[in-house]
Amino acid sequence: MAKFKKDVVTETPEISTTSLPDIIFMLIFFFMVTTSMRESTIMVEQRLPHASEVKKLDNKSLISYVNMGAPLKAYQNLFGTNTRIQLNDKFAGVDDIQDFIASERAQRSENDQKLMTTALRVDEKVKMGLVTDVKQALRRVGALKISYLTVKGNPF
Amino acid sequence: MANLKKTPGINGSSMADISFILLIFFLMVTTMGTDFGLIRQLPPMTDQKNEDEINKRNVFVVSVNANDNLLVKDQYTQVTELREMAKDFFNVNNTGDGYPEKIQKEVPLLGTVTVNKTAVVSLQNDRATSYKIYIQVQNELAGAIHELRNEYSLQKFGKEFDECTQEEQDAISKNVYPMAISEAEPKDVGGKKK
């Protein structure tokens, strides 16, 4: 006599998720390799101008950044809306550039000091007066290699 | 009776969550990509004013006023026209009154060639000129020089400037088409409206 098998519950087998962490890890490694640590939070508005004749800036460790622009919304009640210079994590004036370059130099070896570049990351609405003041300050301390950071693209 | 107890599998589902947290951390604290920029060399600070008399016809004068209007060689110009004008001015094959003085020069790899005696861009801007237009002007001037170098190397070596060897590039960029941009102190006509 045939037995009737009753409770044959056909459960869908569980999907194995063991490979999921591996996939995510691969993504992490990708990001770790292709990106670099953000060294400071930018506190000024930064919409860089576009330019087409640009060169890639290699060797990030030799670059010191000078940011310029109007303070972001969160800082406006403290610092106003006028264009400001930001060095490292602080708002600064033109006079502070000298100390900034000196401290940046002190962190590098003597051989690297000649190769140091100052990258000006300037918002496109900034007036040239301030940029010129900064350039004069850089000339005074002998940091002559500069780079105007831009976005690669059509300038018009 | 054999003790056939299976060791229970370790539940690894939280591993994915942990790695997600790590991933998000990296997304937040790192920046993508590389920086691109126009690389320039500033002139060193000197006490005495360096005012060599350069013949007026050797100077390509570009002025930008506080309203971002361009004046190139005493003509109102759009930024888009600047590249062609600069190319026309610096081209060593153009001779005549409106163009810079030419001399013959012995250059390694090229032989004796006609080059501009001196040809400089004089860039003058106002304190209230916007940075955007300044970069556009710099970009167009750099573009003009680059295109001229390219044409020259195609003609002499049959390849693009960027594909030439360092010596070939130096022969062109140091002798025939140097990039000489001189920036004057900005004027303050536009006032201190920062």
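What follows looks at how chains A and B meet in this predicted model, and then at a handful of individual residues in each chain.

The interface comes first. On the chain A side, 54 residues are in contact with chain B, which puts in 52 residues of its own. Put together, the two chains bury about 5100 Å² between them, and 64% of that sits on carbon and sulfur atoms. Three residues of chain A, namely A:Glu53, A:Met128 and A:Tyr148, lose the most area to chain B, and together they account for 14% of what that side buries.

As for polar links, the rule picks up three salt bridges across the interface of chain A and chain B. One of them pairs A:Lys135 with B:Glu183, with 2.7 Å between the closest N and O atoms. Across the interface of chain A and chain B there are also 18 residue pairs in polar contact, both partners being at pLDDT 80 or more. Plenty of secondary structure takes part on the chain A side: α1 (19-34), β1 (36-37), β2 (50-51), β3 (55-56), β7 (117-122), α5 (128-141) and β8 (145-152) each supply at least two of the residues that touch chain B. Helix α5(A) brings the largest share, 11 residues. Sorted by class, the side of chain A that touches chain B comes out as 28 nonpolar, 11 polar and 15 charged residues.

The chains also share some strand pairing. Strand β1(A) is joined by two bridges to strand β1 of chain B (residues 30-31), and the two run antiparallel. Within that pairing, A:Met37 has B:Thr30 as its bridge partner.

Moving into chain A itself, A:Asn67 sits in strand β4 (residues 63-69). A:Asn67 counts as buried because its relative accessibility is just 2%, against a cut-off of 20%. The side chain of A:Asn67 makes a polar contact with the side chain of A:Arg121, at 3.0 Å. Leaving out residues up to four places away in sequence, A:Asn67 touches A:Ile42, A:Val44, A:Gln46, A:Arg84, A:Ile85, A:Gln86 and A:Arg121.

Two residues have a backbone angle worth a look, one in each chain. A:Asn88 shows a positive phi of about 50° although it is not a glycine, and its place is the loop between β5 (84-87) and β6 (90-92) of chain A. With 42% relative accessibility, A:Asn88 counts as partly exposed. In chain B, B:Lys73 has a positive phi of about 45°, again without being a glycine. B:Lys73 is found in the loop between β4 (70-72) and β5 (75-77) of chain B, and at 33% relative accessibility it counts as partly exposed.

Another lysine of chain B, B:Lys87, belongs to helix α2 (residues 79-90). B:Lys87 has 12% relative accessibility, so it counts as buried. Setting aside neighbours within four places in sequence, B:Lys87 is in contact with B:Ala144, B:Glu147, B:Leu148 and B:Glu151.

Finally, there is helix α4 of chain B (residues 166-176), where B:Glu168, B:Gln169, B:Ala171, B:Ile172, B:Ser173, B:Asn175 and B:Val176 are buried. The cover over these buried residues of α4(B) includes β6 (102-107), β7 (111-116) and α3 (131-156) of chain B.

Technical notes. Residues are numbered from 1 along each chain as its sequence is written. Chains are lettered from A and ligands numbered from 1 in the order in which they are written. This is a predicted model: local features need pLDDT of at least 70, side-chain atom pairs count only at pLDDT 80 or more; totals for chains, interfaces and linings use all residues. Side-chain values use heavy atoms; hydrogens and water are left out. Contact means heavy atoms within 4.5 Å. Buried area is the accessible area (1.4 Å probe) that two parts lose on being put together, summed over both. A salt bridge is a side-chain nitrogen of Lys or Arg within 4 Å of a carboxyl oxygen of Asp or Glu. A polar contact is a pair of N or O atoms within 3.5 Å; within protein, one must be able to donate a hydrogen and the other to accept it, and residues adjacent in sequence count only if both atoms are side-chain atoms. Helices (H or I, at least four residues) and strands (E, at least two) are DSSP runs, numbered from the N terminus. Ala, Val, Leu, Ile, Met, Phe, Trp, Tyr, Cys and Pro count as nonpolar, Asp, Glu, Lys and Arg as charged, and the others, Gly among them, as polar. Two strands pair if DSSP finds at least two bridges between them. Buried means under 20% relative accessible area, exposed over 50%, partly exposed in between (1.4 Å probe, protein chains only).
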